[in-house]
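Okay, thanks for coming, everyone. I'll put the structure up and talk you through a few spots in it.

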Amino acid sequence: MYIVSLNYTVPLEKIDSLLEEHVQFLHAKYEAGIFIASGRKVPRTGGVIMARGCDLETLRAHLAEDPFHREQAATYEITEFSPTMTAAGFEGLKD
């Protein structure tokens with residue numbers, strides 16, 4: 001499983017202009033079973049994506065399709081981890 005931390009590198013006006021296309025990108029990755037959760041950081045300096053079902057190289061290839069990546073509007077920090085404990089109802093996250 002991976003945690004992807006996005007940090008915006010452009011003003012929010014640019015982010016907002018790419019947002020509809022970014023959301024379409026997210027939907028496609030959810031449908032493909034790659035992304036399992038995502039959302040904005042608070043304060044709005046970027047976002048977080050939880051992903052699984054692929055190796056690191058494949059994940060990087062998926063992220064390269066993001067319009068935020070294409071337009072160099074965000075940087076991406078990827079952390080791989082292996083969940084061994086979860087709260088009730090989240091057992092499906094365990095490896």
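So, the largest pocket: its volume comes out at about 180 Å³. Keep in mind that this is a predicted model. How do you look for a pocket in the first place? Rolling a probe the size of a water molecule over the atoms shows where empty space is left.

Which residues lie nearest the centre of this pocket? Those are Y8, H22, L26, G39 and R40, out of 15 lining residues. The lining draws on several elements, with at least two residues each from β1, α1, β2 and β3.

Let's stay with α1, since H22 and L26 are also on its list of buried residues, together with I15, L18, F25 and K29. Yes, you heard right, a lysine and a histidine are on that list. What do the buried residues of α1 pack against? They meet β1, β2, β3, α2 and α3.

Now the shape of that helix. With 20 residues at 1.5 Å each, α1 should span 28 Å, and its end C-alpha atoms are 27 Å apart, so the two figures agree. That said, α1 does bend, by about 50° at L19. And just after the helix you get G33, which takes a positive phi of about 80°.

On to the core. The largest nonpolar one has 18 residues, and F35, I49, L59 and F68 are the ones with the most contacts inside it. β1, α1, β3 and α2 each put at least two residues into this core.

If you want one residue to click on there, take L59. Which residues does L59 contact, once you skip its neighbours within four places in sequence? You'll find Y2, V4, I34, F35, A51, C54 and I78. F35 turns up again there, and you'll remember F35 from the residues with the most contacts in the core.

Next, the loop between β2 and β3, where there are three residues to show you. Start with P43, which sits in that loop. The peptide bond from V42 to P43 is cis, with omega near 5°. For background, most residues other than glycine have a negative phi, and most peptide bonds are trans.

R44 is in this loop too. Is R44 buried, exposed or partly exposed? Its relative accessibility is 24%, so R44 counts as partly exposed. Leaving out residues up to four places away in sequence, R44 touches Y8, L12, I15, D16 and L19. Remember L19, where α1 bends? R44 and L19 are 25 residues apart in sequence, and their C-alpha atoms are 13 Å apart in space.

Then there's T45, also in the loop between β2 and β3. At 41% relative accessibility, T45 counts as partly exposed. Skipping residues up to four places away, T45 touches L6, N7 and Y8. As for L12, T45 is 33 residues from it in sequence and 8.6 Å from it in space, C-alpha to C-alpha. So Y8 is worth a click: it is touched by R44, it is touched by T45, and it is among the residues nearest the pocket centre.

Last one: Q72, in the loop between α3 and β4. What is the phi of Q72? It is near 50°, a positive value in a residue other than glycine. Q72 has 63% relative accessibility, so it counts as exposed.

That's my tour. Over to you for questions.

Technical notes:
Residues numbered from 1 in each chain as written. Predicted model: local features only at pLDDT ≥ 70, side-chain atom pairs only at ≥ 80, totals over all residues. Heavy atoms only, no water. Core = buried A, V, L, I, M, F, W, Y, C linked by side-chain atoms within 4.5 Å. Buried < 20%, exposed > 50% of the residue type's maximum accessible area, 1.4 Å probe, protein only. Helix = DSSP H or I, 4+ residues; strand = E, 2+ residues; numbered from the N terminus. Contact = heavy atoms within 4.5 Å. Expected span 1.5 Å × (residues − 1). Bend = angle between axes of the 7 residues up to and from the residue. 1 Å grid on protein atoms, 1.4 Å probe; cavity = no way out; pocket = protein on both sides within 12 Å on 5 of 7 lines; lining within 4 Å. Points joined across faces, edges and corners; volume = space filled by probe spheres on them.
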